[in-house]
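Please examine the sequence and the three-dimensional model shown here. The explanation after them leads from the whole chain to individual helices, residues and a pocket.

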Amino acid sequence: ELGGSLINSGLIALKLKAVEATLALSGFNSEKVKENFDAIRQNLGGIEAASFGFLVNFSKTAQITGTSGENLAKILSIQESVSDASRETLLAQMEANSLMIEMKGIAPEAVFNDLAENAEFFATSMKAGTNNVMKTAIQARKLGLNLGTVAKISEGLLDFESSIEKQMEASMLLGRQINLDKARQLSFMDDQEGMMTLYFLNLLLE
């Protein structure tokens, strides 16, 4: 399975058992260590990247955020592509974000899985230099939406001709003036959280 020698595979198996024991002693679940190892191996640089210490911390973060090893590796890879911070620092940031999400009454698992499932939108927002993609995901979850819906709304607003036409149609249907110019501007500036708030305020408020 690993494509290496019997001796190296045996050493890896011993390392996984040691990680499982360390997690169990720390009060964490040790059942998904192999799954986490495979996620690191396949997404973050191969077997060499799955050191003992990193695998322990990665497994802890996966449990704290409630997401799978595969999704966590995907998120970490995107963050790493635009950040100078170490992997350990990025994992610590995700754990802090998980706590923040819980304090807002939202399941961290839903937010982190949303980020992973909409990786293209997440990566584009990160590469554009925005720091509010996590806040956008949280706000979307509060509204019962996901980042895929946010991306579609943003794309629609930036299709100016079609967007203005639909804005006029909505104004006629609702019997009041709808003005999405500010939301359109925020979308252009890649402030998706602000865009989403203004968009729904314009549509829902009397």
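The paragraphs below begin with the chain as a whole and then turn to its parts.

The model is a predicted one. In the protein chain, the secondary structure amounts to 12 helices and 0 strands, so that the pattern read along the sequence is α-α-α-α-α-α-α-α-α-α-α-α. The chain has 206 residues, of which 42% count as buried. Contacts between residues at least 6 apart in sequence can be sorted by separation, and 62% of them join residues at least 24 apart. The exposed surface of the protein chain comes to about 11,100 Å², and 55% of this area is supplied by carbon and sulfur atoms.

Helix H1 serves as the starting point. It spans residues 6-25, 20 residues in total, and reaches 29 Å from its first C-alpha to its last, close to the 28 Å expected at 1.5 Å a residue. Its buried residues are Ile 12, Leu 16, Val 19 and Leu 23. These four residues lie on the same side of H1, because they cover an arc of only 60° around the axis. Packed against them are helix H2 (33-43) and H3. The face of H1 turned away from this buried side carries the exposed residues Leu 6, Ile 7, Leu 11, Leu 14, Lys 17 and Leu 25. Just after H1, Gly 27 adopts a positive phi of about 85°.

The discussion now moves to H3 and the loop that follows. Ala 62 is found in helix H3 and is buried, with a relative accessible area of 5%. Beyond its neighbours within four places in sequence, Ala 62 is in contact with Asn 36, Thr 67 and Leu 72. The C-alpha atoms of Ala 62 and Ala 73 are separated by 9.2 Å, the two residues being 11 apart along the chain. Thr 67, one of the contacts of Ala 62, has its place in the loop between H3 and H4. Is this loop residue buried or exposed? Thr 67 counts as buried, because its relative accessibility is 7%, which falls under the 20% limit for that class. Residues up to four places away in sequence aside, Thr 67 touches Ala 62, Leu 72, Phe 112 and Asn 113.

Helix H5 can be read in the manner used for H1. It covers residues 87-103, has 17 residues and reaches 25 Å from its first C-alpha to its last, close to the 24 Å expected at 1.5 Å a residue. Which residues of H5 are buried? They are Leu 90, Leu 91, Met 94, Ser 98 and Ile 101. They cover an arc of only 100° around the axis, and therefore they sit on the same side of H5. The cover over these buried residues includes helix H3 (52-65), helix H4 (69-82), helix H6 (108-117) and helix H8 (133-142). On the other side of H5, Leu 99 and Met 103 are exposed. Just after H5, Gly 105 takes a positive phi of about 80°.

Helix H4, part of the cover of H5, also contains Ile 78. Ile 78 counts as buried, because its relative accessibility is 11%. Leaving aside neighbours within four places in sequence, Ile 78 makes contact with Ala 119, Phe 122, Ala 123 and Met 126. Ile 78 and Glu 120 are 42 residues apart in sequence, and their C-alpha atoms are 9.4 Å apart in space.

Glu 120 leads on to a pocket. The second largest pocket has a volume of about 260 Å³. Its lining consists of 15 residues, and those nearest its centre are Glu 120, Phe 121, Thr 124, Ala 151 and Glu 155. Helix H7 (119-127) and helix H9 (147-158) each contribute at least two residues to this lining. The largest share, 5 residues, comes from H7.

The last stop is Leu 198, which lies in helix H12 (residues 192-204). Leu 198 counts as partly exposed, because its relative accessibility is 25%. Not counting residues up to four places away in sequence, Leu 198 touches Lys 182, Ala 183 and Leu 186. The C-alpha atoms of Leu 198 and Ala 183 are separated by 5.6 Å, although the residues are 15 apart along the chain.

Key. Residues are numbered from 1 along each chain as its sequence is written. This is a predicted model: local features need pLDDT of at least 70, side-chain atom pairs count only at pLDDT 80 or more; totals for chains, interfaces and linings use all residues. Side-chain values use heavy atoms; hydrogens and water are left out. Buried means under 20% relative accessible area, exposed over 50%, partly exposed in between (1.4 Å probe, protein chains only). Contact means heavy atoms within 4.5 Å. Accessible areas come from the Shrake-Rupley method with a 1.4 Å probe; for residues, only the protein chains shown count as cover. The expected span of a helix is 1.5 Å times one less than its number of residues. The arc is that of the directions from the helix axis to the C-beta atoms. On a 1 Å grid over the protein atoms alone, a cavity is a set of points where a 1.4 Å probe fits but cannot get out, and a pocket is an open set with protein on both sides within 12 Å along at least five of seven lines; lining residues have an atom within 4 Å of a point. Grid points are joined across faces, edges and corners, and a volume is the space filled by probe spheres set on the points.
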